[in-house]
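Thank you all for coming; I would like to use these few minutes to go through one structure with you. Please have it open in front of you while I talk.

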2 protein chains.
Amino acid sequence: MPRRRASHSMESVITEAVAILDEAGSAALTFRALAGRLGGGVASIYWYVDNKEELLDRATDHVIGDVLGDIARREATEDPIEDLRTSAVMLFDAVTARPWLASYLLRNTDLQPNALRLYEHLGQQVMRLDLPPRETFHALSAVIGYVIGTAADLGQQPPAEVLEGQTTREEYLGRYAERWRESDPQDYPFLHYVVEEFDGHQDADQFSAGLDLVLAGLRLQADR
Amino acid sequence: MPRRRASHSMESVITEAVAILDEAGSAALTFRALAGRLGGGVASIYWYVDNKEELLDRATDHVIGDVLGDIARREATEDPIEDLRTSAVMLFDAVTARPWLASYLLRNTDLQPNALRLYEHLGQQVMRLDLPPRETFHALSAVIGYVIGTAADLGQQPPAEVLEGQTTREEYLGRYAERWRESDPQDYPFLHYVVEEFDGHQDADQFSAGLDLVLAGLRLQADR
DNA sequence: ACCTGAACACCGTTCAAGT
DNA sequence: ACCTGAACACCGTTCAAGT
């Protein structure tokens, strides 16, 4: 008995694409897998999106819509940098939870209106520092670059073994730390100096500390 | 007449892989293209590397070897932060010139000994600030995260049309700027405030300004 | 307007066989 | 020890045909 003619919608296509990405990561999102989930044929998807790039841009914007909602709902405090910090951490957490996001976020704002709104929202917080346009633009670029860049970096870190649950993140870090300890202290004084910090560190702490440096620099500039 | 039996070497495999990456980008590096360049069969490459991941890790480390040489050759000044800045800019320039680098750099230091040496070298400059291990580790993480993250971000920016020479970067930025100007100033005050800075901006300036923020924050921490 | 199966031109990777 | 062609199991994308 042949399958009945399926019926989709842009909404369902994007929702199911996000579901695949969340459950199994970037590599698992194929047109065939998506079609299977939607209960239809592969070619149907091409009626909604022109190609895979557009599919990923739309999937990205879809989840950024939620993130933007969470970020925008927060009340502003009297300290713009504190608000910027809160937003940056929320964005970082969202990207960390969905490592596939980092590679596509803000790539094409035509297909990502929510990402553009997020950009605007963060920019408005920087504007409150009353810096000239150039410094304002650069400050937001720095914060966004740091957040997305670091999240992308950390997001791709865990190799297959960790993802498959054969090893924990701690063991994985520990193995690397062990190699650092075995290196020649003459040649690698830095590795030896920081190895105990590296071993067992939390990505979120590392991110947070770096963000504080950027924001401290920004505060200095704003107070001048 | 059948082709003569080809003879490769790890060196030639990696060199030609880098050549393909430099000339035509990430997508152009296929085992078939590489085999064609080496004048042999596809399967031969698998005698040298286990899979494509290893090929890319080795290609990355190969070019990082040169970058490390350039960076390490510079004389140290009396200001560690100035030296860190110089190194960071050199690394950024190298990654910008080879956008494919960003995604693989420091991904697997077992296969990237030069990348580990580069990490150590930058770390040693941070060490001169005499911060405790934790702050030292976080400071280097922040700088590396910012440099690689921003370079990766900027490196993927130009869409196909620009790469194919159908449009210049300026026109591309200009088209986006035009859309910013057409947006509602009530809803997008930030876009309007910075649009003239965005239009025609140089990536290197944007990077440099953000790096200054990170380093200003670091200097503040070191002087405490 | 929307969906379909089948085909096309690619991939990375494996393998049994050669030199 | 090193190289080979052919095959395998996948991809994204297209297309002519259906409803």
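I will begin with the two DNA strands and then turn to the interface between the protein chains.

Please keep in mind throughout that this is a predicted model.

Let me start with DNA strand C, which has 22 residues around it, and among these A6(A), H8(A), A43(A), W47(A) and R5(B) come nearest. Of the strand C atoms that lie within 4 Å of the protein, 54% belong to sugar or phosphate, while the rest belong to bases. Looking at the phosphate oxygens of strand C, one is 3.0 Å from a polar backbone atom of A6(A), one is 3.0 Å from an N or O atom in the side chain of Y46(B), and one is 2.7 Å from an N or O atom in the side chain of K52(B). The elements that give two or more residues to this surface are α3 (45-48) of chain A and α2 (31-38) of chain B. By class, the surface near strand C has eight nonpolar, seven polar and seven charged residues.

Now to DNA strand D, where, of the 22 residues around the strand, R5(A), A6(B), H8(B), A43(B) and W47(B) come nearest. Of the strand D atoms that come within 4 Å of the protein, sugar and phosphate account for 54%. Here a polar backbone atom of A6(B) is 3.0 Å from a phosphate oxygen, a backbone N or O atom of G41(B) lies 2.8 Å from a phosphate oxygen, and a polar side-chain atom of Y48(B) lies 2.8 Å from a phosphate oxygen. Two or more residues each are given to the surface near strand D by α2 (31-38) of chain A and by α3 (45-48) of chain B.

That leaves the protein interface, and how many residues of each chain are in contact there? In chain B there are 55, and they are in contact with 55 residues of chain A. The area buried between the two chains is about 4900 Å², of which carbon and sulfur atoms give 64%. Four salt bridges are found across this interface, and R179(B) forms a salt bridge with D110(A), with the closest N and O atoms 2.1 Å apart. The count of residue pairs in polar contact between the chains, with both residues at pLDDT 80 or more, is 16. On the chain B side, the elements that give two or more residues are α6 (113-127), α7 (133-156), α9 (169-182), α10 (189-198) and α11 (203-223), and the largest share, 16 residues, comes from α7(B). By class, that side has 27 nonpolar, 18 polar and 10 charged residues.

Terms used. Residues numbered from 1 in each chain as written. Chains lettered and ligands numbered in written order. Predicted model: local features only at pLDDT ≥ 70, side-chain atom pairs only at ≥ 80, totals over all residues. Heavy atoms only, no water. Near = heavy atom within 4 Å. Polar contact = N/O pair within 3.5 Å; in protein donor to acceptor, adjacent residues only side chain to side chain. Helix = DSSP H or I, 4+ residues; strand = E, 2+ residues; numbered from the N terminus. Nonpolar A, V, L, I, M, F, W, Y, C, P; charged D, E, K, R; others polar. Contact = heavy atoms within 4.5 Å. Buried area = accessible area lost by both parts, 1.4 Å probe. Salt bridge = Lys/Arg side-chain N within 4 Å of Asp/Glu carboxyl O.
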